[in-house]
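Let's walk through a protein model together, one question at a time. Take a look at it first, and then we will see what holds its parts together.

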Amino acid sequence: DFPTADRVIYVQDCIKAHSQRPPFEMINKCSCALDKIAGEVKFAEFTSMSTVVKAISIGGERGGQMRDNESLKPQIARYRELQAKARKACFIGPPQ
């Protein structure tokens, strides 16, 4: 299962990304999204995927090494697929 602290961080980041919506609504929706993701992958796999996705947003050469690494593209695609599926299941619109 996913550690509580990591669940809290995910939900807080999700709420922040959707700050235009009521916080109470987003607490429930973001918790739902993580529950959906946790039902699909183990925590170690989720951590690996989310780390890669965060790393590709680093500007410059360091981020470029991650973005250009062909072996990481399946992880990136899987993470985005999981996120989209969870958002849809939990009625979360795009970040604002």
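Q: Which residue forms a disulfide with Cys14?
A: This is a predicted model, and the values here are computed from it. A disulfide is a covalent bond between the sulfur atoms of two cysteines. The sulfur atom of Cys14 lies 2.0 Å from that of its partner, and the partner is Cys30.

Q: How many residues apart in sequence are the parts tied together by Cys14 and Cys30?
A: Cys14 belongs to helix α1, which covers residues 4-17. Cys30 belongs to helix α2, residues 23-38. The disulfide therefore ties together parts whose separation in sequence is 16 residues.

Q: Is the disulfide of Cys14 and Cys30 left-handed or right-handed?
A: Look at the torsion about the S-S bond, which is about -70°. That value is negative, so the disulfide of Cys14 and Cys30 is left-handed.

Q: Is Cys14 buried or exposed?
A: Buried means a relative accessible area under 20%. Cys14 has a relative accessibility of 9%, so Cys14 counts as buried.

Q: How many disulfides does a search of the whole structure find?
A: Besides the link of Cys14 and Cys30, there is a disulfide between Cys32 and Cys90, with sulfur atoms 2.0 Å apart. Counting bonded cysteines along the chain, the pattern is 1-2, 3-4. The search of the whole structure finds two.

Q: How many residues apart in sequence are the parts joined by Cys32 and Cys90?
A: With -75° about the S-S bond, this link is left-handed. Cys32 sits in helix α2, while Cys90 is in the segment after α5 (73-89). The pair therefore ties together parts whose separation in sequence is 58 residues.

Q: Which term describes Cys32: buried, partly exposed or exposed?
A: Its partner Cys90 is buried at 3% relative accessibility. The cut-offs are under 20% for buried and over 50% for exposed. Cys32 has 24%, so Cys32 counts as partly exposed.

Q: Which side-chain arrangement do the rings of Phe2 and Phe43 have, stacked or edge-to-face?
A: The structure holds four aromatic pairs. In this one, the ring centres are 5.2 Å apart and the planes meet at 70°. Planes over 60 degrees apart count as edge-to-face. The pair of Phe2 and Phe43 is therefore edge-to-face.

Q: How many residues apart in sequence are the parts tied together by Phe2 and Phe43?
A: Phe2 lies in the segment before α1, and Phe43 lies in helix α3 (residues 43-55). Phe2 is buried at 5% relative accessibility, whereas Phe43 is partly exposed at 24%. The ring pair ties together parts whose separation in sequence is 41 residues.

Q: Which residues do ring pairs link into a cluster?
A: Both Tyr10 and Phe46 are buried. Ring pairs link these two and others into a cluster, whose members are Phe2, Tyr10, Phe43, Phe46 and Tyr79.

Q: Which residue meets Lys29 in a salt bridge?
A: Side chains of opposite charge can pair when their charged atoms come close. Here the N to O distance is 2.6 Å. The two residues are four apart in helix α2, so about one helical turn separates them. The partner of Lys29 is Glu25.

Q: How many salt bridges does a search of the whole structure find?
A: One of them joins Asp1 and Arg7 at 3.2 Å, N to O. Another joins Glu70 and Lys73, whose closest N and O atoms are 3.2 Å apart. There is also a network of salt bridges that links Glu40, Arg78, Glu81 and Lys85. The search of the whole structure finds seven.

Q: How far apart are the end C-alpha atoms of α2?
A: At 1.5 Å a residue, the 16 residues of α2 should span 22 Å. The model agrees with this expected span, because the end C-alpha atoms are apart by 22 Å.

Q: Which helices do the buried residues of α2 pack against?
A: The buried residues of α2 are Met26, Lys29, Cys30, Ala33, Leu34 and Ile37. They cover an arc of only 135° around the axis, so they are on the same side of α2. The helices that these buried residues pack against are α1, α3 and α5.

Note on methods:
Residues numbered from 1 in each chain as written. Predicted model: local features only at pLDDT ≥ 70, side-chain atom pairs only at ≥ 80, totals over all residues. Heavy atoms only, no water. Disulfide = S-S within 2.5 Å. Buried < 20%, exposed > 50% of the residue type's maximum accessible area, 1.4 Å probe, protein only. Phe/Tyr/Trp six-rings, centres within 6.5 Å; stacked < 30°, edge-to-face > 60°. Salt bridge = Lys/Arg side-chain N within 4 Å of Asp/Glu carboxyl O. Expected span 1.5 Å × (residues − 1). Arc of directions from axis to C-beta. Contact = heavy atoms within 4.5 Å.
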